[in-house]
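Work through the exercises below with the sequence and the structure at hand, and try each task before reading its solution.

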Amino acid sequence: MPHASGLVGDDASSRDLVARAADALERLRARRPRVHCITNTVAQAYTANLLLAAGAVPSMTIAADEVAAFVAGADALLVNIGTLDEPRRAAIGIAIDAAAEAGIPWVLDPVFVDRSPGRATFGEALLAMRPTILRLNPSEFSTLSGLAAEPGQVARFARDSGAVVALTGKTDRIADATRLAAVANGHRWMTRITAMGCAGAALTAAFAAVEPDPWCATVAALVCLGVAGERAAVVSSGPGTLATAILDTLFDLDRKDLQERAKVS
Ligand SMILES: Nc1ncnc2c1ncn2[C@@H]1O[C@H](COP(=O)(O)OP(=O)(O)OP(=O)(O)O)[C@@H](O)[C@H]1O
Ligand SMILES: Cc1ncsc1CCO
Ligand SMILES: [Mg+2]
């Protein structure tokens, strides 16, 4: 467990966190949680394949007359605003209400909040609905928080928002109100595959379905994706083959891979 300061700072606490990630991965495969994803049209197929490779069961409908039932029967929800058309906008409100009713965790991926004022307003409204986890890149972080995309500010935004905040990049920073972790796994080619971050947010929802501590769940998801990315890069020749290879390595990932390759601090 993290030591008394709340920071993951020493080798023993990092090892414990990696062991907890491996436990969560095993539970994910055993329990096969359902993850309902309202996500963008670019991300849908890859996200569904990544969830299946990890052991989860994805669903993606956005139909207004069905979405509440899908969420009620799911173990976690993903809300991603990448292609924010009217049907998705309507489905998101219904889905978040249904997640609250069912008491399941939900993850917000505020894609491109930095690109249009309307989307920024919508993103702020979603954040006020208290997502369990917020996963975003540095531009999105700065727009939504009004803060610089730095580790200390990630912790501050987690305190202010009440969410677990995961700022992804070369090093992922994951904070809740009292703890801050860094995950330095991954491969630069992952940034050249569209919607890799979106798929990572969906994986975070899957881990939150089986790991009751959402900060541990987020660390676990990002360390698994990062280690899978590194292992996959060894057998890939560029982003195209990496996308497929990540599905294979995630499917195959085990405790030993995590123990040997995780860079968690
Ligand atoms: N320079 C890098 N080196 C290694 N891994 C990286 C690097 N940048 C990002 N990653 C990893 O790639 C994954 C995707 O994160 P990224 O921050 O690129 O998402 P994103 O910008 O939201 O992408 P998208 O919107 O296309 O889904 C994360 O798991 C992250 O750890
Ligand atoms: C490229 C793109 N456009 C809208 S969503 C998306 C996927 C990356 O977020
Ligand atoms: Mg993104």
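The exercises that follow concern a predicted model, and each solution goes step by step.

**Exercise 1.** Find the positions to which UniProt gives the feature "binding site", and decide whether they gather at one spot.

*Solution.* The unreviewed UniProt entry places this feature at Arg135 and Thr168. These positions span 34 residues in sequence, yet no two of their C-alpha atoms are more than 7.3 Å apart, so they gather at one spot.

**Exercise 2.** Locate Arg135 and determine whether it is buried or exposed.

*Solution.* Begin with the secondary structure, where Arg135 lies in strand β5, which covers residues 133-136. Next, count its C-beta neighbours inside 10 Å: there are 32, and because a residue with 20 or more counts as buried, Arg135 is buried. Finally, leaving aside neighbours within four places in sequence, its contacts include Val107, Asp109 and Thr168.

**Exercise 3.** Do the same for Thr168.

*Solution.* Thr168 is found in the loop between β6 (164-167) and β7 (172-175). With 26 other C-beta atoms within 10 Å, Thr168 is buried. Beyond its neighbours within four places in sequence, Thr168 is in contact with Arg135, Asn137, Gly197, Gly200 and Leu222.

**Exercise 4.** Describe the shell around ligand 1 by its residues, helices and classes.

*Solution.* Ligand 1 is surrounded by 20 residues, of which the closest are Asn137, Thr168, Gly186, Met190 and Gly197. Turning to the helices, α8 (196-210) and α9 (214-234) each supply at least two residues of this shell, and the largest share, four residues, comes from α8. Sorted by class, the shell has seven nonpolar, 10 polar and three charged residues.

Conventions
Residues numbered from 1 in each chain as written. Chains lettered and ligands numbered in written order. Predicted model: local features only at pLDDT ≥ 70, side-chain atom pairs only at ≥ 80, totals over all residues. UniProt positions renumbered as here; feature names shortened; annotations may be inferred. Buried ≥ 20, exposed ≤ 12 C-beta atoms within 10 Å, placed from the backbone. Contact = placed C-beta atoms within 7 Å. Near = placed C-beta within 6 Å. Nonpolar A, V, L, I, M, F, W, Y, C, P; charged D, E, K, R; others polar.
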